[in-house]
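Okay, thanks for coming, everyone. Let me put the structure up, and then I'll talk you through a few things in it.

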Amino acid sequence: MNKAIHIYFAQAIPLVAYIDESCLYLKEKKCRICQRICQNKAINLNQMPEKVEINVGAIILSPGLEPYDPRLKDEYHYGDFVNVVTSMDYERLLCSTGPYQGEILRASDLKHPQKIAWIQCVGSRQVTEGGNSYCSAVCCTYSQKQVILTKDHNAEAECTIFHNDIRSYGKDFERYYERTENLPGVRFIRSYTSIVKENSETGNVTVRYSTSDDGVKEEEFDLVVLSVGLNPPADVQSMAEKYGIELNRHEFCKINPANPMKTNRPGIFVSGAFQGPLDIPESVFSASGAGSQIGELLSFRRGDLARERIYPPEEDLSGEEPRIGVFVCHCGANIGRVVNVPSTVEYSLTLPNVVYAQEQLFSCATNAAKEITDMIKEKGLNRVVVAACSPRTLEMLFRDTLREAGINQYYFEMANIREHNSWVHSKEKEAATEKAKDIIRMSVARARHLQPLQEFELPVNKAALVVGGGVAGMTTALSIANQGHEVHLVERDVDLGGTAQRIQTTLEGLDVQAYLADLSGKVYKNPLIHVYTEATITEATGYVGNFITRVKYGGRVAEIKHGAAVIAIGADLYTPAEYLYGEDDRVMTHLELDEQIAKGDEKVTGAESLVMIQCVGCRQEDRNYCSRICCSESIKNALKLKEINPEMDIYILFRDMRTYGFKEDYYREAAGKGVRFIRYEPHDKPQVEAGETEEGKSVLKVTVPDYILGKKLEIDAEIVALAAAVIPSAETAKLAGLFKVTLSPDGFFKEAHVKLRPVEFGTDGVYLCGAAHYPKLLTETINQAYGAAGRVLTLLSHDIVIASGSVCEVNENKCMGCGDCIAVCSYGAIELRTTRQGKKAVVNPVLCKGDGLCNAICPTGAIKLKHFTDEQIVSEIDAAAPEEEIIRQIDAAVASM
Amino acid sequence: MCSGRVDPAHVIRAFSKGIDGVFIGGCRLNECNYITHGNYYALNMVLLFRKILEHIGLHPERLRIEFMSGSEGNLYVEVVNNFIKKVKELGPLGKGEGIDEDILKSGLAEITRLVPYIKVVKNAKLRTPLRNPEEYEKFFTGDEIDRLLNEVISYYIDPEKCRACMACAKRCPVEAIISAKNRIHVIDQEKCIKCGTCFEACPPRFGAVTKIIGEPVPPPVPEEERTIVRKSKEKMIDNPLPID
């Protein structure tokens, strides 16, 4: 329970306390203790809400979601049995700022639960009163995350997940599922459950479930976690009325499958889970995509309200003796709960060149940054060490703080005492404090050797190159062009359209061919888009803002100069080697089935019996991912066939039906229309053989074990459709090499960060969308394509781009011209130039990405990576080593043992 | 920076400072954060220097590299705990192996001095990515390392042949050649990194720089005997000295 005055959450912006409605004064005009105690007289209990009118050109609705409330169903006993919690409650238990500072304790007796059960689909996939018929799309994976974190906290914990289908359909989710499943003491049990009773003495909760082997069982758990689903935001009806937008039947925003960010009202867009249940990467696609669409509307006044940041001029401090300031962060309780922060501050003050040290609650908070800049000025600091978290997320922020104070940003050093220390040593507080001191001592040692570095300003060419003319590429190209930028769209085939040319409708009923004709028409008509068909890329050089790409098309070669590149080359379909595919023409892929249905092929539409087999060529060792789209595709084809020929017997042989989100409704519809769903296990796959019916008719005999009936089923099928895996495009590896971008273990392109940067590559200026990133449905592709356009615009709308100062440099006198550095540089950033003293290596700093391989391989130390020089690294190593005296003492102690 | 930026000199520095074990964590193989796959280079460096540690009598297990992603906290903890356990078993550096402290110190000092030379000789091999873990152990053999460190190359300027032309001194990347006009050049063996640049730079007609393998280098000519007496400059151009 929060008090009436509290900080909303640890990373809230602004990070200030506020008073909520439970305040005694606001309710009953009592108390006012806070006003008396606040020294700064910051509390105003008479503040009233204000109405402000703002004129805007467009609106984005991103109200998020509301977790499902399990009180709506008595059977969950939530609020009744104290040891039944929701997954959101459990998330708080896991959190270091949570009720028990990150310890997983039961509320009933404050003991560590040893046996924990997760119950999936709470409030989801239910057509009963109080439930939602759709699948909430995220619960399978978030529960797995909670299991992994639980096992992290307590390796002995027994975790049981009661589930229906496991829907790990996202990128890398299948591996994540496998990782969870393989943890010791983790059970996945496919069963419906009921919560039976609470043990009045122990508070334990009994769960009833059934398995095909053991029948109905009851088992007691210390804690039961309800994996609650996603509901629309609480006040959605009034919001819909206010903005004049339509809702769908589940009360999420009604969206257009051809543009899931658009509402029915022009100028009003939607992003995030208001589109429907979404996970974080997809919310980020849609956020960036909605931004791009607003850019299309308002680009003519881009930057009107923007104010340029003006930094104070940078002082030249290179000649000064280092004066180091150390700021040690508590990170709320994350560090402070384990590490004795005041003692590290005291220790820091004893280190050479440290002239100032202090502690901070959250060094990343705005007021803390102000404190740092103030202290730099007051104490004349010329180096700053922040001892806090990993530099990965916040180093940029602190560097900016230094710039604000007028000193070079490379005079900043971060000591990671959270991930490397307090998080892993929560049970060894004293040792963790000593380790924090060691880490700070090392950082201070390095800080003494830091050098000011200058970053590079590079001009930005305002054109973009889009590789791939499918739905993803065309959508991105149009959105970029509609914001006034020239686009070069390169397509390998004769026509634009990609894989979508082979699809007739989506599951939701969108006419794909009409959509495609409209889209390619817009692309061809747009004067800013140059289309190159039957084109291949032969060479790509340059760097962010200044790429040069050579394209061969129709016997000609174009040299395209562009500032950004988008890779949208889609994916290929696996050619099955199993189930008689290629040997018997009655066996086809789901895509071929879609085409045959569209053609009205009598053999297909008139078949008495048709079998679909899911997961062909994926979710297996060599392709360890889910192709995501196939369950929906098969349901779509099944519904289409049932519409044409209601008498047809359709069987779908599946492992988990992954009709996530609203697609669940179509799964239910198919089941209602008599489509039979039979689950199989990967170790006992279906068998397909040519054979005859009892009447002598030639058929395909499909045998599959039926776990519900507990026997083998033999189905006579006239057609077998295989849900063949979606595989990376054959062009992937070649393009990755040309644009110097990376691939995931499954061979799809790898984004810079799954959640934070899902449509860009680690290589600056190169972006990604569509099935080249991972298999996805049309609507999802469009979401991501607009998202990529949004990110491209954040680059192209600038006149200059900044490149890091941490790059390599050659000391010519030391270079012996051996060329070993050139051999290890994949960026082509180094070349040999002939001088009077022989051949010498020269670095182009703009191409250098600062990996430093050349530095390590150079025999003479002629090439160095700035900001990670030998001097700096060695100073840290030296500081890490215990002093000679300490070694002697330890050795003496060991010898006397 | 990449794990491939870890210089063998850093590793040896840590051991020289009395650190008992060195652990290098890199990205998972084939999942490079850059595009350079520098972790393969780091791997080879570790494989090579484990053999070198063995050569000077240290246990190779004191140096370890593991590959993991930022999201694999559990794996990291497991691997580091396991490494610490191993290092504790091995005992303090040198003592655990039963080597005399002075011998250990001089061994490490020698390797520190030879790092540039080791790079010159082994760079091509260090750059070869090893795809198959079965190759790891045999990629660098003990014999190979013994040869590398017992048959160390040295360069020596033959005072009889040196014409004090400064060609080698100007090109030396570490300023190891003591030189002046009309003074016989001498290689400072302490500074020399054995890169062979002087050997290449010496005009063939002089051929003064010689390569010595595994043998001690003759002592340098005493300071007072280094002046070259030669005829007038014009004459020298008219009448170049014979090559041998």
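**A walk through the two chains**

Let's start with a loop. A:Glu534 sits in the loop between strand S22 (529–532) and strand S23 (535–543) of chain A. Keep in mind that this is a predicted model. What caught my eye is the backbone: A:Glu534 isn't a glycine, yet its phi is positive, about 45°. So is A:Glu534 buried or exposed? It counts as partly exposed, because it has 13 C-beta neighbours inside 10 Å, and the cut-off for buried is 20 or more.

There's another one like that. A:His867, also not a glycine, has a positive phi near 80°. You'll find A:His867 in the loop between strand S42 (863–865) and H23 of chain A. With 19 other C-beta atoms within 10 Å, A:His867 is partly exposed.

Hang on to H23, though, as we move to the contact between the chains. That contact takes 38 residues from chain A and 39 residues from chain B. On the side of chain A that touches chain B, the elements giving two or more residues are helix H21 (820–824), helix H22 (853–857), helix H23 (870–880) and helix H24 (884–895). Which of them gives the most? H23(A) does, with 5 residues. And if you sort that side of chain A by class, you get 20 nonpolar, 9 polar and 9 charged residues.

Over in chain B, there are two pieces: domain 1 (3–141) and domain 2 (153–228). Their C-alpha centres lie 34 Å apart.

Now, the insides. Nonpolar side chains tend to be buried together in soluble globular proteins. Here, the largest nonpolar core has 175 residues, and the ones with the most contacts inside it are A:Val224, A:Val467, A:Val566, A:Ile567 and A:Val720. Helix H20 (residues 778–796) of chain A is the top contributor to this core, with 9 residues. Take A:Ile567: beyond its neighbours within four places in sequence, its contacts include A:Val467, A:Leu735, A:Phe739 and A:Phe749. Apart from that core there's another, of 84 residues, and among them are A:Ala841, B:Cys32, B:Ile145 and B:Ala164.

Last stop, a sheet. It's open, with 3 strands in the order S9-S10-S11 of chain A, paired antiparallel. Strand S9 (193–198) and strand S11 (215–221) are the edges, each pairing on one side only. The twist averages 30° from one strand to the next. Between S9(A) and strand S10 (residues 205–211) there are 5 bridges, and A:Ser194 has A:Arg208 in S10(A) as its bridge partner.

Notes
Residues are numbered from 1 along each chain as its sequence is written. Chains are lettered from A and ligands numbered from 1 in the order in which they are written. This is a predicted model: local features need pLDDT of at least 70, side-chain atom pairs count only at pLDDT 80 or more; totals for chains, interfaces and linings use all residues. Two residues are in contact if their C-beta atoms, placed from the backbone, lie within 7 Å. Helices (H or I, at least four residues) and strands (E, at least two) are DSSP runs, numbered from the N terminus. Ala, Val, Leu, Ile, Met, Phe, Trp, Tyr, Cys and Pro count as nonpolar, Asp, Glu, Lys and Arg as charged, and the others, Gly among them, as polar. Domain bounds come from an automatic or database domain assignment. A nonpolar core is a set of buried Ala, Val, Leu, Ile, Met, Phe, Trp, Tyr and Cys residues joined through C-beta atoms within 7 Å. A residue is buried if 20 or more other C-beta atoms lie within 10 Å of its own, exposed if 12 or fewer, and partly exposed in between; C-beta atoms are placed from the backbone. Two strands pair if DSSP finds at least two bridges between them. Axes are lines fitted to C-alpha atoms, for helices over the stretch in contact, and angles run from 0 to 180 degrees between N-to-C directions.
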